[in-house]
Amino acid sequence: AASRVIVHVDLDCFYAQVEMLRNPDLRDKPLGVQQKSLVVTCNYEARKLGIKKLMSVKDAKEKCPQLILVNGEDLTPYREMSYKVTELLGEFCPLVERLGFDENFVDITEIVEKRLNQLEQSGRSRVCVSGHVYNNQALNLHDATHVRLVIGSQVAEEFREAVSARLGLTGCAGVASNKLLAKLVSGTFKPNQQTVLLPESCGGLMRTLDGIQKVPGIGYKTTKRLETLGVRNVCDLQAFPSAVLEKELGVSVAQRIQKLSYGEDDSPVTPSGPPQSFSDEDSFKKCSSEVEVKEKIKELLPNLLDRIYKDGRQPGTVRLTIRRFSSTAKWFSRESRQCPLPPHLLQKLGKGKRSTVLSSLVDILMKLFRKMIDVDLPFHLTLLSVCFSNLRHLPSSKKGSISFYLKQMSPPSGSGK
């Protein structure tokens, strides 16, 4: 645990970024994402004008009359983009742990060790830090821990560049020797920047926290109990007699939170579960013919089918989403239609016969398209999205066995067939 290098990737104003990707016209305008009567997040243009997260819609509109509000009640686009980020980071390293929609931990220890060995073999000793060093602490390139963290900063920059280039999202990153410190240091410089924390600055970082509740891993209830004991900040917790704390909170909790107060955290990065759907979309200024729609669907499918095949699970449902342009409507509107995937297609997909299922999938998606659009009338689309969901693991029988195909083909019980 002492030699770990952990990156915490934290996307900037995530919901707002997703909305700006969905509608690029919002990009340079003050934008807030509304859920119920609250602005749950806003872009940096809005923040410059005094809008803050979790501000009431009423107060936000009074503060900034030109604020544009987007309804963020439907979490589907945020969830799908969140999984894309985790999936992309997983291409670099298998140890990726999601933390909410907009944060991921990545344990890059193995990548760093490989690069360190390459450096040593090449005879080069100079490495340059990417981004900031917390508190401008001087680097000691004769210290192996410092060198590991510097290499880690280079890997973190590669992560951020890939997320920006492939998904259009910016984010901050923190590089440190454990999850707790990586998370705390990642927000030092915002937006779209990164910071590395050297071990000697750990104590200073912990002391900057203005309350116990700011320590990740110490929840609301524990904070309230500590406050009744007179413990209000990190220094109080560090100085509090361990025996009294153990008596009040129990040995394991007391020891854990006192370790956290010193920046000690040996919890591993635990890979999160697989994504619940695979989707891809394309936005454009205008798409107004069936031929164009068909071509755009054909462009989206190969990458999606590759991702599904690598994942190993079978999707049960396919969904098509469109966005129409309207010169009179205030907002761009999205519509979706979905349907189950036929069993014969699933069998071909499971065997990796992607080329043979492509034309069948295009036909299915075009049928869904015609349910939403009357193709005999003029239409103007600005986005198409294809999503495969309801993912299931293949039966345990071997793919090539007769029992596997019988299971796939057997009708539901009670169907009378």
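How many salt bridges does the rule find across the interface of domain 1 and domain 3? The rule finds two. Here are some notes on that interface and on two elements worth a look; please keep in mind that this is a predicted model.

1. **Domain layout.** The protein is split into three parts: domain 1 covers 6-203, domain 2 covers 209-262 and domain 3 covers 277-393. Taken over C-alpha atoms, the centres of domain 1 and domain 3 lie 30 Å apart. Eleven residues from domain 1 and twelve residues from domain 3 take part in the contact.

2. **The interface of domains 1 and 3.** Between them, domain 1 and domain 3 bury about 970 Å², with 41% of that area on carbon and sulfur atoms. On the domain 1 side, Arg 22, Glu 80 and Lys 84 are the residues to inspect: they supply 51% of the area that domain 1 buries against domain 3, more than any other three residues.

3. **A salt bridge to look at.** Glu 87 and Arg 307 form a salt bridge, and their closest N and O atoms are 3.0 Å apart.

4. **Strand β7 and its covering.** You may like to display β7 (residues 103-107), a mostly covered strand in which five of five residues are buried. Glu 103, Phe 105 and Asp 107 point one way from β7, while Asn 104 and Val 106 point the other way. Both sets are buried, Glu 103 and Asp 107 included.

5. **The partners of β7.** Strand β1 (residues 6-11) pairs with β7 in the antiparallel sense, over five bridges, and Ile 6 stands opposite Asp 107. Strand β6 (residues 96-99) also runs antiparallel to β7, joined to β7 by four bridges; here Leu 99 stands opposite Glu 103. The hairpin of β6 and β7 has three residues between the strands, and Gly 100 in this hairpin takes a positive phi near 70 degrees.

6. **Helix α12.** Which residues of α12 (residues 251-261) are buried? They are Ala 254, Ile 257, Gln 258, Leu 260 and Ser 261. These residues lie on the same side of α12 because they cover an arc of only 155 degrees around the axis. As a reminder, an α-helix has 3.6 residues a turn, so residues three or four places apart point the same way.

7. **Around and after α12.** Several helices help to cover the buried residues of α12, including α7 (179-186), α8 (202-207), α9 (220-228), α10 (234-239) and α11 (242-249). Following α12 comes Gly 263, with a positive phi near 80 degrees.

Conventions. Residues are numbered from 1 along each chain as its sequence is written. This is a predicted model: local features need pLDDT of at least 70, side-chain atom pairs count only at pLDDT 80 or more; totals for chains, interfaces and linings use all residues. Side-chain values use heavy atoms; hydrogens and water are left out. Buried means under 20% relative accessible area, exposed over 50%, partly exposed in between (1.4 Å probe, protein chains only). Helices (H or I, at least four residues) and strands (E, at least two) are DSSP runs, numbered from the N terminus. The arc is that of the directions from the helix axis to the C-beta atoms. Contact means heavy atoms within 4.5 Å. Two strands pair if DSSP finds at least two bridges between them. Domain bounds come from an automatic or database domain assignment. Buried area is the accessible area (1.4 Å probe) that two parts lose on being put together, summed over both. A salt bridge is a side-chain nitrogen of Lys or Arg within 4 Å of a carboxyl oxygen of Asp or Glu.
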